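User: I would like to go through this model in questions and answers. Please start with how the helices are arranged.

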Amino acid sequence: MKLRQSSKWIQVGLFAAVAALAAPQVFAQDTGGTRVAVVNSEKVFNESNLAKAMQTRLQNEFTKRQNDLRDAAQKIKSAAEKLDRDAAVMSEAERVRRQRELADQDRELQRKQREFTEDLNQRTFEERAKIAEKANVVLKQIAEQRKIDLIVQEAAYASPKADVTDDVIKALNSQK
């Protein structure tokens with residue numbers, strides 16, 4: 001599955017939205033006494049129990065379709081190989097007809113693969129949005145408990161003592 005690739009784009013979109021909302025507040029504050037923490041959201045999306053459950057749900061939901069697409073691709077490949085072997089003994093009209101059928105089947109398969117990818121991306125986005133919503137609640141609780149003024153996602157560098165990622169994962173895992 002192209003889950004990793006599609007989730008990167010979803011994640012980039014979520015981060016951009018959060019950054020756009022947080023940026024004015026960051027620049028408006030006096031940084032003299034501002035307490036800052038960092039969270040690695042990719043780690044939250046990969047290692048929390050919610051994320052693991054999401055992966056299982058998506059696999060259960062999409063495995064059959066993925067296998068059907070793989071089987072259809074194999075049938076088309078086998079039919080193309082058979083056509084190549086038998087082309088010398090076929091009439092021109094029969095060969096052209098079977099080539100068109102194969103082309104039509106291939107176009108249909110490509111359409112189904114695009115639909116599969118779009119559906120998978122959409123469901124992944126929906127599931128990740130649910131996790132992000134819960135993680136944001138947890139982040140707010142952590143910020144209030146520790147009197148943190150700002151929590152940054154995906155910092156270029158952060159001291160390990162400023163990283164609250166493991167705490168977010170623990171809190172998410174303790175939720176029902």
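User: How are H3 and H4 oriented to each other, roughly parallel or roughly antiparallel?

Analyst: This is a predicted model. The axes of H3 and H4 cross at roughly 170° and come within 10 Å. An angle over 145 degrees counts as roughly antiparallel. H3 and H4 are therefore roughly antiparallel.

User: How many nonpolar, polar and charged residues does the contact of H3 with H4 have?

Analyst: Helix H3 covers 49–86 and helix H4 covers 92–146. Sorted by class, their contact has 14 charged, five polar and 17 nonpolar residues.

User: What pattern does the chain follow along the sequence?

Analyst: The chain holds five helices and two strands. Read along the sequence, their pattern is α-β-α-α-α-β-α.

User: What span does H4 reach from its first C-alpha to its last?

Analyst: H4 has 55 residues, and at 1.5 Å a residue the expected span is 81 Å. The span in the model is close to that value, at 78 Å.

User: Which residues have the most contacts inside the largest nonpolar core?

Analyst: The largest nonpolar core has 15 residues. Helices H3 and H4 are the elements that give two or more residues to this core, and H3 gives the most, with seven. The residues with the most contacts inside the core are Phe62, Phe116 and Ile131.

User: Which residues does Phe62 touch, not counting residues up to four places away in sequence?

Analyst: Phe62 is among the residues with the most contacts inside the largest nonpolar core. Leaving out residues up to four places away in sequence, Phe62 touches Phe116, Asp119, Leu120 and Arg123.

User: How many residues are in the second, separate core?

Analyst: The second core includes Val44, Val138, Ile169 and Leu172. Its number of residues is 13.

User: Is Thr124 buried or exposed?

Analyst: Thr124 lies in helix H4. Its C-alpha is 8.7 Å from that of Gln55, although the two residues are 69 apart in sequence. Residues under 20% relative accessible area count as buried. Because its relative accessible area is 0%, Thr124 is buried.

User: What separates the C-alpha atoms of Gln105 and Ala73?

Analyst: Gln105 also belongs to helix H4, and at 40% relative accessibility Gln105 counts as partly exposed. Gln105 and Ala73 are 32 residues apart along the chain. Their C-alpha atoms are separated by 9.1 Å.

User: Where is Lys147 found, and what is its phi?

Analyst: Lys147 comes just after H4, in the loop between H4 and strand E2 (150–153). With a relative accessible area of 62%, Lys147 is exposed. Most residues other than glycine have a negative phi. Lys147 has a positive value, near 55°.

User: What is the phi of Glu154?

Analyst: Glu154 sits in the loop between E2 and helix H5 (165–174). At 34% relative accessibility, Glu154 counts as partly exposed. Glu154 is not a glycine, yet its phi is positive, at about 55°.

User: Among contacts between residues at least 6 apart in sequence, what share joins residues at least 24 apart?

Analyst: One example of residues distant in sequence is the touch of Phe62 with Phe116. Over the chain, the share of such contacts that join residues at least 24 apart is 86%.

User: What percentage of the chain do buried residues make up?

Analyst: The chain has 176 residues. Thr124 is one of the buried residues. Buried residues make up 26%.

Methods. Residues numbered from 1 in each chain as written. Predicted model: local features only at pLDDT ≥ 70, side-chain atom pairs only at ≥ 80, totals over all residues. Heavy atoms only, no water. Core = buried A, V, L, I, M, F, W, Y, C linked by side-chain atoms within 4.5 Å. Buried < 20%, exposed > 50% of the residue type's maximum accessible area, 1.4 Å probe, protein only. Helix = DSSP H or I, 4+ residues; strand = E, 2+ residues; numbered from the N terminus. Contact = heavy atoms within 4.5 Å. Expected span 1.5 Å × (residues − 1). Axes fitted to C-alpha atoms, helices over the stretch in contact; angles between N-to-C directions. Parallel < 35°, antiparallel > 145°, perpendicular 65-115°, else oblique. Nonpolar A, V, L, I, M, F, W, Y, C, P; charged D, E, K, R; others polar.
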